[in-house]
Amino acid sequence: MALSMRCNVKSVFRFVHKSNSHRRLFKAGKATGTTSLPKAQVFSGIQPTGVPHLGNYLGALESWVALQDKYSTVMYSIVDLHSITQPQDPQMLRENILDMAASLLACGIDPTRSILFQQSQVSEHAELSWILGCLTSMPRLRHLPQWKMKSKQKNEGSVGLYTYPVLQAADILLYKYGQLCSSCVLILSRLYSQLCVRERVMLLLCRSTHVPVGEDQIQHLELAQDLARIFNNQYEEFFPEPCALLSGTRKVKSLRDPSSKMSKSDPQKLATVFLTDTPDDIVLKIRRAVTDLTSEVTYEPESRPGVSNLVSMHAAVSGQSVEEVVRLAEGMDTGQYKNVVAEAIVQTLQPIRLEIQRLRADRGHLESLLAKGAEKAHSLAAPVMTEVRKLVGFY
Ligand SMILES: Nc1ncnc2c1ncn2[C@@H]1O[C@H](COP(=O)(O)OC(=O)[C@@H](N)Cc2c[nH]c3ccccc23)[C@@H](O)[C@H]1O
């Protein structure tokens with residue numbers, strides 16, 4: 001699974017030249033008695049607004065799982081504060097939070113290798129969001145997707161919906177420190193002064209928070225980068241700019257309208273494949289997927305979005321390239337091809353569905369996992385917030 005990184009290299013470059021950042025690089029470990037260098041972290045979030053769908057899985061969750069092997073601090077948050085920007089029934093929300101935890105575990109999130117937690121249980125998210133909100137201009141938020149889409153649907157949106165992306169920036173920026181293992185720390189701290197600028201840039205690039213998301217979150221990530229920059233200019237170099245990590249399948253489209261993205265809240269029942277769909281549900285939805293009048297299978301996202309969406313989903317779930325998949329489909333018409341795609345999706349989702357069912361049954365276990373995750377997240381967020389409060393002038 002290929003991941004691509006979207007970072008603002010120029011700003012990281014600028015960051016390197018500020019002497020403070022340099023010193024801070026060594027400061028982070030003092031509290032633990034080691035000389036430590038901050039390092040790359042992974043942070044991402046998902047709203048507990050129902051069972052994740054194939055778009056969430058291919059655009060984000062699959063890479064969340066893979067990143068557990070590549071980074072030592074990996075954090076995934078069930079962003080319940082974001083979810084209440086739309087009306088939620090309290091009992092349903094409570095259930096959705098635990099169901100989301102079960103879904104993430106079933107996809108392969110391993111609580112021994114990542115910190116899985118509920119956003120509202122770490123109050124620093126809301127606090128940092130307020131501070132960042134005070135640095136954000138109103139026009140900067142007006143054109144961001146969440147507001148544009150959802151305020152239109154409801155005629156008018158809430159203040160929470162409007163400032164949603166500021167909270168997302170706070171989520172990401174809050175987790176800026178990490179510890180390296182002591183031998184790496186020793187080697188790197190000895191070497192740092194001998195590194196050339198390019199190597200220091202690489203080190204700092206690695207240090208920023210990496211955020212695996214689908215394409216729809218890019219503008220939110222850009223706001224997080226801007227807010228890091230604005231905060232640093234206003235107070236002192238403090239927040240490294242985060243980078244988006246995009247998976248190969250950046251945007252899975254709706255099966256009923258391939259001009260829009262697959263979404264949990266799509267009112268059309270056949271538009272979205274959920275991770276809990278049975279094989280029969282999946283076959284039906286794929287068979288009914290909107291394509292076009294050409295029967296050949298090709299990959300032309302602009303002119304043939306429907307069939308191209310099937311091809312890219314098929315490539316992603318089967319671990320093949322788009323070219324391989326198209327070659328495999330030679331001689332088939334789109335009707336026959338849909339059966340192949342459905343089968344490949346069933347193969348991928350079936351074990352996840354069964355595991356979700358198993359995990360959902362033990363609510364106590366899920367609650368205790370989330371409580372432990374919140375404790376760990378809090379222990380990382382608290383020292384950052386202490387520094388932020390000092391910089392802002394609260395003490
Ligand atoms: N059709 C699709 N195709 C490809 N990818 C998709 C598709 N639909 C959703 N995604 C991706 O799934 C993740 C979770 O979606 P959410 O809408 O809950 O995701 C959201 O609503 C975020 N605002 C949650 C959030 C809050 N704080 C954060 C901090 C970092 C990253 C993310 C967050 C996302 O990565 C999203 O890009």
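User: Which residues does Gly306 touch, not counting residues up to four places away in sequence?
Analyst: In this predicted model, Gly306 belongs to helix α15, which covers residues 305-318. Gly306 has a relative accessibility of 7%, and buried means under 20%, so Gly306 counts as buried. Once residues up to four places away in sequence are set aside, the residues touched by Gly306 are Pro258, Val290 and Thr291.

User: What distance separates the C-alpha atoms of Gly306 and Leu275?
Analyst: Along the chain, Gly306 and Leu275 are 31 residues apart. In space, the separation of their C-alpha atoms is 21 Å.

User: Is Ser77 buried or exposed, and what is its relative accessible area?
Analyst: Ser77 sits in strand β3, residues 74-78. Leaving aside neighbours within four places in sequence, Ser77 is in contact with Phe43, Ser44, Gly45, Ile46, Phe117, Gln118 and Gln119. Ser77 is buried, and its relative accessible area is 0%.

User: Which residues come nearest to the ligand?
Analyst: The ligand has 27 residues around it. By class, the residues of this shell divide into 10 nonpolar, 11 polar and 6 charged. Those that come nearest are Tyr164, Gln168, Asp171, Gly214 and Asp216.

User: Which helices and strands each supply at least two residues of the shell around the ligand?
Analyst: Both helices and strands meet this condition. The helices are α3 (54-67) and α10 (164-173). The strands are β2 (41-46) and β5 (209-213).

User: How far is a polar side-chain atom of Asp171 from a nitrogen atom of the ligand?
Analyst: Oxygen atoms of the ligand are approached by two other side chains: a polar atom of Gln47 lies at 2.9 Å from one, and an N or O atom of Asn56 is 3.0 Å from one. For Asp171, the partner is a nitrogen atom of the ligand, and the distance from a polar side-chain atom is 2.6 Å.

User: What percentage of the ligand's exposed area does the protein bury?
Analyst: Beside the polar approach of Asp171 to a ligand nitrogen atom at 2.6 Å, the ligand can be described by its area. Taken alone, the ligand exposes 710 Å². The part of that area buried by the protein is 97%.

User: What span does helix α13 reach from its first C-alpha to its last?
Analyst: Helix α13 runs over residues 218-234 and has 17 residues. At 1.5 Å a residue, a span of 24 Å is expected, and the helix comes close to that value. From first C-alpha to last, α13 reaches 24 Å.

User: Which residues in α13 are buried?
Analyst: The threshold to apply is a relative accessible area under 20%. Asp226 lies in helix α13, but with a relative accessible area of 22% it is partly exposed and therefore does not qualify. The buried residues of α13 are Ile218, His220, Leu221, Leu223, Ala224, Gln225, Leu227, Ala228, Phe231 and Asn232.

User: With the side chain of which residue does the side chain of Asp226 make a polar contact?
Analyst: Asp226 is 90 residues from Thr136 in sequence, with a C-alpha to C-alpha distance of 9.3 Å. The polar contact of the Asp226 side chain is at 2.8 Å, and the partner is the side chain of Arg140.

User: Why does Glu323 count as exposed?
Analyst: Glu323 is part of helix α16, residues 322-328. From Ser312, Glu323 is 11 residues away in sequence and 9.8 Å away in space, C-alpha to C-alpha. A residue is exposed when its relative accessible area is over 50%. Glu323 counts as exposed because its relative accessibility is 52%.

User: Which residues does Ser260 touch, not counting residues up to four places away in sequence?
Analyst: Ser260 is located in the loop between β6 (243-247) and α14 (279-287). With a relative accessible area of 25%, Ser260 is partly exposed. Its C-alpha atom is separated by 29 Å from that of Leu354, 94 residues apart along the chain. Setting aside residues up to four places away in sequence, Ser260 touches Lys253 and Ser254.

User: What percentage of the residues of the protein count as buried?
Analyst: The protein has 18 helices and 6 strands. Its accessible surface comes to about 18,100 Å², of which carbon and sulfur atoms hold 54%. Among its 395 residues, the share that counts as buried is 51%.

Note on methods
Residues numbered from 1 in each chain as written. Predicted model: local features only at pLDDT ≥ 70, side-chain atom pairs only at ≥ 80, totals over all residues. Heavy atoms only, no water. Helix = DSSP H or I, 4+ residues; strand = E, 2+ residues; numbered from the N terminus. Buried < 20%, exposed > 50% of the residue type's maximum accessible area, 1.4 Å probe, protein only. Areas by Shrake-Rupley, 256 points an atom, 1.4 Å probe, with all protein chains shown as cover. Contact = heavy atoms within 4.5 Å. Expected span 1.5 Å × (residues − 1). Near = heavy atom within 4 Å. Polar contact = N/O pair within 3.5 Å; in protein donor to acceptor, adjacent residues only side chain to side chain. Nonpolar A, V, L, I, M, F, W, Y, C, P; charged D, E, K, R; others polar.
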